[in-house]
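Open your viewer and keep the sequence panel beside it. We'll go stop by stop, with something to select at each one.

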Amino acid sequence: QVRLVESGGGLVQAGGSLRLSCAASGFIFGNYGVNWYRQTPGKQREWVVYIGSAGSTRYADSVKGRFTISRDNAKNTVYLQMNSLKPEDTAVYYCNIQGQGWWGKGTVVTVSS
């Protein structure tokens, strides 16, 4: 069955960095684009970044220049390198397979000021 497992979240000070991973299984990973979303309590889930099956990328304006998405199809994994983190980046981060209702359970990122 389809499985998406996010990892790499944690507590970091403002200005710091984290690298999130999304490990996929149960489908042909290389055929699909992948999104990262984030959500804070009381707010709607917010789209953050996308990487296509061939590696094209799109970023939300709020993270452009600070976050970098990449993928390793041999490892069925997508990475999100997050630099220059701000307190407003605090959220649960989820990966999602483009066009599918497949979501991971999320990983928590907390950025302290």
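How many salt bridges does the structure hold? There are four, where a salt bridge is a side-chain nitrogen of Lys or Arg within 4 Å of a carboxyl oxygen of Asp or Glu.

Some ground rules before you click. This is a predicted model, so local features need pLDDT of at least 70 and side-chain atom pairs count only at pLDDT 80 or more, while totals for chains, interfaces and linings use all residues. Residues are numbered from 1 along each chain as its sequence is written, and side-chain values use heavy atoms, with hydrogens and water left out.

**Stop 1: the whole chain**

Switch to cartoon. You'll find 10 strands and zero helices in the protein chain; both are DSSP runs numbered from the N terminus, with helices being H or I of at least four residues and strands being E of at least two. The radius of gyration is 13 Å, close to the 13 Å that the globule rule gives for 113 residues, so the chain is as compact as a globular protein of that length. That radius is taken over C-alpha atoms, and the rule is 2.2 Å times the number of residues to the power 0.38. Along its principal axes, the C-alpha trace spans about 40 × 25 × 20 Å.

Now colour by accessibility. Buried residues make up 40% of the 113 in the chain; buried means under 20% relative accessible area, exposed over 50%, and partly exposed in between (1.4 Å probe, protein chains only). Turn on the surface too: the accessible area comes to about 5900 Å², and 46% of that belongs to carbon and sulfur atoms. Areas come from the Shrake-Rupley method with a 1.4 Å probe, and for residues only the protein chains shown count as cover.

If you like contact maps, try this one: among contacts (heavy atoms within 4.5 Å) with a separation of 6 or more, 53% are between residues 24 or more positions apart.

**Stop 2: the charged network**

Select Arg38 and Asp89. Their side chains meet in a salt bridge, 2.9 Å from N to O. Arg38 sits in strand β4 (residues 34-39) and Asp89 in the loop between β8 (77-82) and β9 (91-97), so the pair ties together parts that are 51 residues apart in sequence.

Keep Asp89 and add Arg66. These two also form a salt bridge, with the closest N and O atoms 2.7 Å apart. Arg66 belongs to the loop between β6 (57-59) and β7 (67-72), so this pair links parts that are 23 residues apart in sequence. Is Asp89 buried or exposed? Buried, with a relative accessible area of 1%. Arg66 is buried as well, at 11%. Add Glu46 to the selection and you have the whole set: salt bridges that share partners join Arg38, Glu46, Arg66 and Asp89 into one network.

**Stop 3: a pair with an exposed partner**

Select Asp61 and Lys64. They form a salt bridge too, the closest N and O atoms being 3.1 Å apart. Asp61 counts as exposed, at 64% relative accessibility.

**Stop 4: Leu80**

Select Leu80 in strand β8. Its relative accessible area is 0%, so Leu80 is buried. Which residues is Leu80 in contact with, leaving aside neighbours within four places in sequence? Show Leu18, Arg19, Leu20, Trp36, Val49, Phe67, Thr68, Ile69 and Tyr93. For a distance label, draw one from the C-alpha of Leu80 to that of Trp103: 16 Å, with the two positions 23 residues apart along the chain.

**Stop 5: two positive phi values**

Most residues other than glycine have a negative phi. Select Asn76, in the loop between β7 and β8, where phi is positive at about 55°. Asn76 is partly exposed, with a relative accessible area of 27%. Then go to Ser84, in the loop between β8 and β9. Its phi is also positive, near 50°, and Ser84 counts as partly exposed at 41% relative accessibility.

**Stop 6: Ser25**

Finish at Ser25 in strand β3 (residues 18-25), which is partly exposed at 32% relative accessible area. Not counting residues up to four places away in sequence, Ser25 touches Gln1, Val2 and Arg3. Draw a last line to Val111, 86 residues away along the chain: the C-alpha atoms are separated by 30 Å.
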